[in-house]
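Me: I have a model open and would like to reason through a few labels with you. Could you set each value against its cut-off as we go?

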Amino acid sequence: MNHETALSNAKEIANTVLAPAARQNDKDSHFSSEAIGALGQSGLLALMLPAAVGGSGLGPRTFAAVTTQLAEADASVAMVYLMHVAATATIAAARPGAAVARTLHDIAGGRHLSTLAFSEAGSRSHFWSPVSRARRNGAGVLLSAKKSWVTSAGHAQSYVVSALAPTAKGPTESTLYLVPAEAPGISVAGPWDGLGMRANASAPMTLEDCEVPPELQLTDDGAGFQAMLEVVLPLFNLGATAVALGLCRAAVAGTVTHLKGARFEHLGQSLGESLPTLRAQLAAMQIDTDGLAARLDDVVDHLERPGELTMLRVLECKAAAGDTAIDVTSAAMRTCGGAAFSKHLHIERLFRDAHAGAVMAPTGDALRELIARATLGMPLF
Ligand SMILES: Cc1cc2nc3c(=O)[nH]c(=O)nc-3n(C[C@H](O)[C@H](O)[C@H](O)COP(=O)(O)OP(=O)(O)OC[C@H]3O[C@@H](n4cnc5c(N)ncnc54)[C@H](O)[C@@H]3O)c2cc1C
């Protein structure tokens, strides 16, 4: 698979599997196993996996484009996809000796969905400081933790789980583990009934004395934080930006359709023909959306050729994307009026989904704090 075929596969799945079901899945909070099956069959679940382990070995440019395409049709599925890609990269970057070959083989075969279980009830959005601590259990560990939100909870085949290392002395000395879904002691701890992203099963999960053998420890003790920063953060922020862009594009397209289709019959004009205020709002939405697309391209360029400013751009993109998605979908709500408010259009789903980005960790607020600290030359943590 190359960039073009990946994109055309994503487009095909978005049009034939995601778009027709998005409205009902949102209404029912239904996790789309059909979508994951289609992504697996098309090879997209192994998009960034190295060719040496059966993946397509494609880079951040294709990942961003595919995620944007999926998000235009259904942001819930795009979020599931982005979590899977971030988890897969973490598994693929496991320390030498980790027994992840079987998992990677299954991901390459499109049969395995993974995700990240970082956030904890105790440290909330500060995922870099888990309060759970792994306990030594022979050569392995026992994990007990309250994970507050896990996208694809109960649907993934594995979870990349963080916990403080057994002998951690500081709050960021975490370790990452691979926990198979069938491991005794890991379970979904409640339902998922969010304002938006309703079809991505971001439910809480509990680990109770969950045994993890040494070969499923992904990082060295205390090196989890480094993997979060170096492997997860760039992909997660890029993917979250792509989801936001997809939402913005869908909002612009939905608004165009409404402004062309809805009419003032007494004036003999469509809304768009009739009202310059609506045209001005649409133009502002288009400008913001294209600005976000340019920002996404810039981050991709940075990730392809990392330099001094790469981390700053990675931090900036998700903060900006979260705000832009809220702004553009809010403008779409106003522009499409009572028709949007009364759920006659899919705009209100985009508006609700758009609000997830800013509160998903690292939250927009936390990112702005980090960016300002970096700019002032202060320590980040
Ligand atoms: C749809 C969805 C899917 C999710 N999926 C996953 C997942 O798959 N895996 C996972 O690990 N987690 C996941 N999460 C959890 C997510 O990453 C956050 O941890 C969670 O949204 C934080 O919510 P909270 O109420 O605990 O925030 P709090 O930490 O209580 O934050 C409350 C407010 O304080 C602000 N704030 C917090 N810290 C700072 C700071 N340092 N500087 C400035 N402001 C700050 C926040 O921006 C926020 O506005 C998901 C969340 C959602 C909504």
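Me: Happy to start with a polar pair in this predicted model. What makes the pairing of the side chains of S202 and T151 a polar contact?

Reply: The side chains of S202 and T151 come to 2.9 Å. A polar contact needs N or O atoms within 3.5 Å, a donor facing an acceptor, so the pair counts as one.

Me: Which other side chain is joined to that of S202 by a polar contact?

Reply: That of N200, at 2.7 Å. This value, too, falls within the 3.5 Å limit.

Me: Why is S202 called buried?

Reply: Its relative accessible area is 7%. Buried means under 20%, so S202 gets that label. In the fold, S202 sits in the loop between β6 (186-188) and β7 (203-212).

Me: What is S202 in contact with, leaving aside its neighbours within four places in sequence?

Reply: W149, V150, T151 and W192. Each has heavy atoms within 4.5 Å of S202, because that is what contact means here. As for A153, 49 residues apart from S202 along the chain, the two C-alpha atoms are separated by 6.0 Å.

Me: How do you know that the radius of gyration of the protein chain agrees with a compact globule?

Reply: With 381 residues, a compact globule would have a value near 21 Å, and the protein chain has 21 Å, so the two agree. Buried residues make up 54% of the chain. Among contacts between residues at least 6 apart in sequence, 73% join residues at least 24 apart.

Definitions and conventions
Residues are numbered from 1 along each chain as its sequence is written. This is a predicted model: local features need pLDDT of at least 70, side-chain atom pairs count only at pLDDT 80 or more; totals for chains, interfaces and linings use all residues. Side-chain values use heavy atoms; hydrogens and water are left out. The radius of gyration is taken over C-alpha atoms; the globule rule is 2.2 Å times the number of residues to the power 0.38. Buried means under 20% relative accessible area, exposed over 50%, partly exposed in between (1.4 Å probe, protein chains only). Helices (H or I, at least four residues) and strands (E, at least two) are DSSP runs, numbered from the N terminus.
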